[in-house]
Structure formats: structure tokens, C-alpha cells
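Subject: Structure handover

Hi,

Here is the structure I promised to pass on to you. My notes on what turned up follow right below it, and I hope they help you find your way around.

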Amino acid sequence: MKYYIDLHIHSSLSPCAENDMTPNNIVKMAVIKGLDIIAVTDHNSVENAEAVLKCAEKAGILAVPGMELETREEVHVVCLFPDIEKAMKMQDVVYKAMPPLENREDIFGEQIIVDENDNIRKKLKRMLLIAADIGLEEAFHIIEKLNGAMIPAHIDRDSYSIISNLGMVPNEISINCLEVSRVCDLDKYLETNPQLKKFRVIKSSDAHNLGDILERETFIELDKKDIICLINRLKYNK
Amino acid sequence: MRVLTGDKGLEREITGVYVCDLLSWVMSHANKGDAWITVQTHLNTVAVAVLLEIPCIIVPEGIKVEEATIKKASEENIVVLSSEMSAYEICWRAHEILH
């Protein structure tokens with residue numbers, strides 16, 4: 001079956017996202033837009049993932065626990081995990097590898113952790129908008145061990161992209177899927193970058209506000225609407 | 001300045017210096033024969049150096065370089081140098097030597 005996806009959405013936990021990116025608002029907007037599967041992927045953190053999963057379950061869509069990791073090379077990768085426990089393990093590793101800086105709300109914005117009823121639980125103090133001291137390959141192997149999938153994010157952008165920062169996708173990691181940004185003309189992009197045609201290239205929104213969440217634009221064929229199925233399809237194309 | 005890659009490639013001639021950390025930018029702007037100063041230590045730096053015929057990568061500020069990168073650079077006859085100096089200080093010294 002075809003399932004419409006948006007696998008890169010920021011919640012109010014990301015300092016750069018709007019504060020109304022709460023679990024209920026995100027899930028309701030995804031339902032209105034006709035999406036089947038979403039992933040909330042905040043910067044270097046998964047602290048709002050559980051609330052989003054609970055909301056999504058009630059609304060009948062599938063949410064995947066995820067994170068947008070910034071590696072040592074300042075490459076952004078979307079990481080998707082089979083369950084909350086695995087996602088939390090990744091968060092432990094990432095938090096340990098981040099410099100202990102405090103967020104400056106006046107410059108970067110607030111980092112709000114909410115529950116499944118959109119009530120504010122707390123504001124996260126540690127600064128999330130920074131590279132973790134984990135190399136790209138190391139991150140890939142950690143995510144593999146957690147049975148997750150790694151998708152290099154917005155590869156068409158000039159910043160924080162695997163292509164801009166590292167020139168190419170390294171052969172040393174077996175990546176099958178890449179992400180382009182919402183504004184990318186995918187056909188045109190692949191014409192000018194034919195070496196990327198061997199990858200599955202998906203479009204995600206990288207939404208920081210509700211309006212930017214994708215319409216029914218990107219779909220994936222799966223046997224059933226299931227996280228493991230999705231991860232396997234993205235990783236191995238099977 | 002410390003050589004991380006052994007004796008191979010030390011005789012190669014350097015004709016210029018290029019400084020940048022974005023590998024896609026380096027790929028489109030650096031010249032053959034440049035010594036390349038970068039804080040990137042990822043394996044892909046070696047691929048870029050091979051592609052552009054860059055004989056030497058200089059890593060500033062004592063940044064640790066991955067074993068895989070050093071090994072690959074040795075195989076490809078590319079010299080990786082490590083320095084405690086900043087990129088600016090290395091450029092300053094290079095300018096004195098090259099001009």
C-alpha cells in the first residue's frame with residue numbers, strides 16, 4: 001500500500017520551531033493534510049517523541065520516534081527508531097557527546113517539553129542547536145545497533161548537509177535513503193546530481209511551523225503501516 | 001608540525017595554499033598542488049584530495065585525526081600534517097615560505 005509520509009517535523013522542543021508545534025497540533029495538522037506516517041525529529045533530542053506517539057495513536061496515524069542529529073562534521077541526519085526506548089538510548093549517547101552549554105532563549109528560542117495534552121512539563125535548559133562530538137560513521141553504527149535508520153537531511157541545502165559539508169555520501173556507510181527539502185525540485189536536482197540517482201530520495205518538510213508540514217507529496221510502499229516495515233524499507237529497500 | 005602519515009609523499013611539490021572546511025566548496029574551488037588546511041578530519045577529505053591532486057592536508061589546532069583517514073591518506077600518497085597552530089597562523093607561515 002501507498003502511505004503518505006513526512007519524516008522530518010520539529011516540535012516546540014526545537015528552539016527554532018514555533019511554540020504551537022505541540023503534539024496535538026502537529027498530529028491534527030498531519031491528519032488534515034492527509035498524511036499516514038509522520039516523524040517528529042527535534043535537534044539532538046527525543047524528549048517530545050512519546051507525547052507525539054500517544055497523540056498519533058489516538059488519531060489513527062503512525063508516528064515514529066526520531067531525532068535530527070548534528071554530527072561532528074555539522075551534518076544533519078534524521079534518525080528514526082523502532083521504539084521510544086531505543087530512541088532514549090540514542091538521546092543518552094548524544095547528550096553525553098554535546099558540550100554542556102545552556103540555551104539562550106533570547107537568541108535561539110524556547111525549548112519546550114510537553115505532555116500528550118500539550119501541557120508544558122518543563123523547558124529544557126541544555127543547548128540543543130550544536131554539533132554532538134560523534135562522527136558520521138560512528139553515528140551510523142550506533143543507530144544500526146539500535147535497529148534504527150539514518151537519513152541524511154536536506155541534502156540540497158548549502159548548510160548542514162552531507163553533500164555541502166562532506167562533498168558526497170561516504171562509501172563507508174550503507175545509506176539507501178536521502179532527504180531533500182520541501183522547496184527542492186527533485187527531478188531537476190537529480191538531473192544536476194546524477195550520482196545520487198542510485199539512492200531513494202524522499203522529500204520531507206523540516207517543518208518549524210504547522211503550515212509547512214507536507215501535503216500528500218511523498219509516499220512509500222509498505223506491506224503494512226508499521227515502524228519496523230518503514231525502517232526496513234528506508235534502510236534496505238525491502 | 002607533525003607528519004601523521006609516515007614518509008611517503010613528502011617529496012611532492014606544493015604550489016599554493018587553500019583553506020576551507022566545506023568539502024563541496026573545496027571540490028569546486030581548490031587547485032591542484034595546493035596544501036589544504038581544514039578542521040575536517042572525515043575520511044572524505046582524502047577522497048577530495050585525491051580528486052583534486054592535493055598533495056597535503058594540514059589539520060590545525062591539534063585536532064585528532066581518525067585512524068581510517070590517516071590510513072587511507074597513506075595508501076593514496078597524501079601527506080596529513082597536524083599542527084597546534086590555528087589555520088590563520090599556518091597561512092601566515094606558509095605565506096612567508098612560499099613568497
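A salt bridge here is a side-chain nitrogen of Lys or Arg within 4 Å of a carboxyl oxygen of Asp or Glu. Arg72(A) and Glu66(B) satisfy this through their side chains, with an N to O distance of 3.3 Å. Between chain B and chain A the count is 1 salt bridge, alongside 7 residue pairs in polar contact. On the chain B side, helix H1 (23-29) and helix H2 (44-52) each supply at least two of the residues that touch chain A. Sorted by class, that side of chain B has 6 nonpolar, 4 polar and 2 charged residues.

Please keep in mind that this is a predicted model. Its scores are ipTM 0.76 and pTM 0.91. For chain B, the mean pLDDT is 94, and 100% of the residues reach 70 or more.

Back to the interface as a whole: 12 residues from chain B and 12 residues from chain A take part in the contact. About 930 Å² is buried between the two chains, with carbon and sulfur atoms giving 53% of that area.

One more thing you may enjoy is the aromatic pairs, of which there are 2 over all chains. Tyr4(A) and Phe219(A) have ring centres 5.8 Å apart and planes at 65 degrees; planes over 60 count as edge-to-face, so this pair falls in that class. The pair links distant parts of the chain, 215 residues apart: Tyr4(A) lies in strand S1 (residues 2-9) of chain A and Phe219(A) in strand S10 (residues 219-221) of chain A.

Best wishes

Technical notes. Residues are numbered from 1 along each chain as its sequence is written. Chains are lettered from A and ligands numbered from 1 in the order in which they are written. This is a predicted model: local features need pLDDT of at least 70, side-chain atom pairs count only at pLDDT 80 or more; totals for chains, interfaces and linings use all residues. Side-chain values use heavy atoms; hydrogens and water are left out. pLDDT is the predictor's confidence in each residue, from 0 to 100. Contact means heavy atoms within 4.5 Å. Buried area is the accessible area (1.4 Å probe) that two parts lose on being put together, summed over both. A polar contact is a pair of N or O atoms within 3.5 Å; within protein, one must be able to donate a hydrogen and the other to accept it, and residues adjacent in sequence count only if both atoms are side-chain atoms. Helices (H or I, at least four residues) and strands (E, at least two) are DSSP runs, numbered from the N terminus. Ala, Val, Leu, Ile, Met, Phe, Trp, Tyr, Cys and Pro count as nonpolar, Asp, Glu, Lys and Arg as charged, and the others, Gly among them, as polar. Rings of Phe, Tyr and Trp (its six-membered ring) pair if their centres lie within 6.5 Å; planes under 30 degrees apart count as stacked, over 60 as edge-to-face and the rest as tilted.
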